[in-house]
Amino acid sequence: PAMVTHCLINFMFSRGGGLYTELELQTIVLKMSRLAMGILALFGIALMRLTVVNIIRNVIAFRRGAFLTSFFRFASINDALIIVGGWIILAFVILEKRGIRSFN
């Protein structure tokens, strides 16, 4: 099972100049169900398809000499940001799963 920990650090100053800290940790144990793994797999497949289609679209635009006008449209920039964000999310999920396996 996965564990998520929220850390809260409070700094307090006294009138005499002293510095006091308080550390609060809240941990939640998460279970990765088969449904969640299936949805994650579908997300990965959809992200791979979007990535491949976007690359093909950019290659075709580059061959026609219209890469800059095609890429700097709002929809293309939006697709690129979604693709980058999606791969970052998948990378963090994979790193988190590896970290939990090595911890256990």
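**View 1. N54, a buried spot in helix α1.**
In this predicted model, N54 sits in helix α1, the run from residue 34 to residue 64. Its relative accessible area comes out at just 8%, so N54 counts as buried, the cut-off being under 20%. What does N54 touch once its neighbours within four places in sequence are set aside? The partners are D79, A80 and I83.

**View 2. Helix α1 from end to end.**
Zoom out from N54 and you get the whole of α1, with 31 residues. From first C-alpha to last, α1 reaches 45 Å, which is close to the 45 Å expected at 1.5 Å a residue. Which residues of α1 are buried? They are G44, L47, T51, N54, N58 and A61. Just past the end of the helix, look for G65: this glycine takes a positive phi of about 85°.

**View 3. G38 and A46, two partly exposed residues of α1.**
G38 belongs to helix α1, and with 30% relative accessibility it falls in the partly exposed class. Pick I89 as a distant reference: it is 51 residues from G38 along the chain, and the two C-alpha atoms are 16 Å apart. A46 is also a residue of α1. Its relative accessible area is 46%, so A46 is partly exposed too, given that exposed would need over 50%. For A46 the reference is G86, 40 residues away along the chain, with 9.9 Å between the C-alpha atoms.

**View 4. S70, tucked into helix α2 as a buried residue.**
Helix α2 covers residues 67-71, and S70 is part of it. Is S70 buried or exposed? Buried: the relative accessible area is 10%, against a cut-off of under 20%. Not counting residues up to four places away in sequence, S70 touches A61 and S76. A61 is itself one of the buried residues of α1.

**View 5. F71, a partly exposed residue of α2 with four contacts to show.**
F71 is another residue of helix α2. With a relative accessible area of 24%, F71 counts as partly exposed. Leave out its neighbours within four places in sequence, and F71 is in contact with N58, S76, I77 and A80. Some of these names have come up already: S76 is also a contact of S70, and A80 is also a contact of N54. N58, for its part, is on the list of buried residues in α1. For a distance to check on screen, try F71 to I60: they are 11 residues apart along the chain and their C-alpha atoms are separated by 11 Å.

**View 6. The whole chain, for context.**
Pull all the way back and there are three helices and two strands, in the order β-β-α-α-α along the sequence. The radius of gyration is 22 Å, well over the 13 Å that the globule rule gives for 104 residues, so the chain is more spread out than a compact globule. The C-alpha trace spans about 70 × 40 × 20 Å along its principal axes. Of the 104 residues, 13% count as buried. Take the contacts between residues at least 6 apart in sequence: 49% of them join residues at least 24 apart. The accessible surface comes to about 8700 Å², with 70% of it belonging to carbon and sulfur atoms. As for charge, there are 11 positive and 4 negative ones, and their mean positions lie 18 Å apart.

Notes:
Residues are numbered from 1 along each chain as its sequence is written. This is a predicted model: local features need pLDDT of at least 70, side-chain atom pairs count only at pLDDT 80 or more; totals for chains, interfaces and linings use all residues. Side-chain values use heavy atoms; hydrogens and water are left out. Helices (H or I, at least four residues) and strands (E, at least two) are DSSP runs, numbered from the N terminus. Buried means under 20% relative accessible area, exposed over 50%, partly exposed in between (1.4 Å probe, protein chains only). Contact means heavy atoms within 4.5 Å. The radius of gyration is taken over C-alpha atoms; the globule rule is 2.2 Å times the number of residues to the power 0.38. Accessible areas come from the Shrake-Rupley method with a 1.4 Å probe; for residues, only the protein chains shown count as cover. Lys and Arg count as positive and Asp and Glu as negative; His and the chain ends are not counted. The place of a charge is taken as NZ of Lys, CZ of Arg, CG of Asp or CD of Glu. The expected span of a helix is 1.5 Å times one less than its number of residues.
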